[in-house]
Amino acid sequence: TRIYKSDDFCKLCSDLNIRRPVYIRDFSAELENASLITFKEKINYLISPIITNNTLAVLFAPSGVGKSWLSMSIGVALASGKSVCSKWQVSQACNVLYVAGEMDKCEINNRLLILKKHYGLNSNSCGTLRYKLCDKDLGAEEGQEELESSLDYLDSHNEHTALLILDNLNCLVANAEHKSAWDKFFTWIS
């Protein structure tokens, strides 16, 4: 068993023989008249500074670079109130629903065990991360209604989902090579 620092996602990927992820550049800008800028509302982040409340974010990269590992790692971190890495801070634990369109239950559970060890969680707990295997087309009304029903069920049990992870869209949206499939999906999800 190896022990990783909580911000050493790249080392974890390396040890699991996953191609090292491409770093997202730290986009920041210095404004000449920064004192003139005021914000009416405080920005509420799920994960600061990358994911705010009530936003749609898409993680994309070539196959095999670790998108599923990263998205599951983000889900575990947020559900348990841990920071994803030193620059991606979680202020409080939130409910997460991970919808898997490609992995089976065994693979998901194996990855969750590895990530629980990585984040120093006991084997029985993963915070408030729930996962759902999905074989329905989220570009079609039937699949959308089924996912909405799952979210409604969680809401009715006081488990409002703060982060919904859809992994991966090419598997979850049938006919993804056609623009019309994406149009239906993005009209529904937004």
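**Exercise 1.** In this predicted model, find which residue of β5 is the bridge partner of V99, and then work out how the strands of the sheet are arranged.

*Solution.* Begin with the residue itself: the bridge partner of V99 in β5 is K132. Next, widen the view to the two strands concerned, where β4, covering residues 96-100, pairs with β5 in the parallel sense over five bridges. Then place this pair in its sheet, which is open and consists of three strands in the order β5-β4-β6, with parallel pairing. The edges of the sheet are formed by β5 (129-133) and β6 (163-167), each of which pairs on one side only. From one strand to the next, the twist averages 15°. Finally, add the helix that lies across β4 and β5, namely α3 (residues 105-118), which runs at about 160° to β5.

**Exercise 2.** Determine at what angle helices α4 and α6 pack, and decide whether they are roughly parallel or roughly antiparallel to each other.

*Solution.* First take the geometry: α4 (residues 141-156) packs against α6 (residues 179-189) at an angle of about 25°, and their axes are 11 Å apart. Now apply the cut-off, by which angles under 35 degrees count as roughly parallel; the two helices, α4 and α6, are therefore roughly parallel to each other. The crossing in which α4 passes α6 is right-handed. To see which residues make the contact, look at Q144, L147 and E148 on α4, and at K184, F185 and W188 on α6. Sorted by character, the residues of this contact comprise three nonpolar, one polar and two charged.

**Exercise 3.** Describe the aromatic pair that W182 and F185 form, and say where in the structure these two residues lie.

*Solution.* Start from the search of the whole structure, which finds four aromatic pairs. One of these is formed by W182 and F185, with 6.2 Å from centre to centre and 85° between the planes. Since planes over 60 degrees apart count as edge-to-face, this pair is edge-to-face. Both residues, W182 and F185, belong to helix α6, where they are three residues apart, about one turn of the helix.

**Exercise 4.** Locate the cis peptide bond that joins S48 to its partner, the one that joins D167 to its partner, and the loop that holds N54.

*Solution.* Keep in mind that most residues other than glycine have a negative phi, and that most peptide bonds are trans. The bond between S48 and P49 is cis, with omega about 5°, and P49 is in the loop between β1 (45-48) and β2 (51-52). The bond between D167 and N168 is also cis, with omega about -10°, and N168 is in the loop between β6 and α5 (169-172). Lastly, N54 has a positive phi of about 55° although it is not a glycine, and N54 is in the loop between β2 and α2 (67-80).

Note on methods
Residues numbered from 1 in each chain as written. Predicted model: local features only at pLDDT ≥ 70, side-chain atom pairs only at ≥ 80, totals over all residues. Heavy atoms only, no water. Pairing = 2+ DSSP bridges. Helix = DSSP H or I, 4+ residues; strand = E, 2+ residues; numbered from the N terminus. Axes fitted to C-alpha atoms, helices over the stretch in contact; angles between N-to-C directions. Contact = heavy atoms within 4.5 Å. Parallel < 35°, antiparallel > 145°, perpendicular 65-115°, else oblique. Left-handed = near helix turned anticlockwise from the far one by under 90°. Nonpolar A, V, L, I, M, F, W, Y, C, P; charged D, E, K, R; others polar. Phe/Tyr/Trp six-rings, centres within 6.5 Å; stacked < 30°, edge-to-face > 60°.
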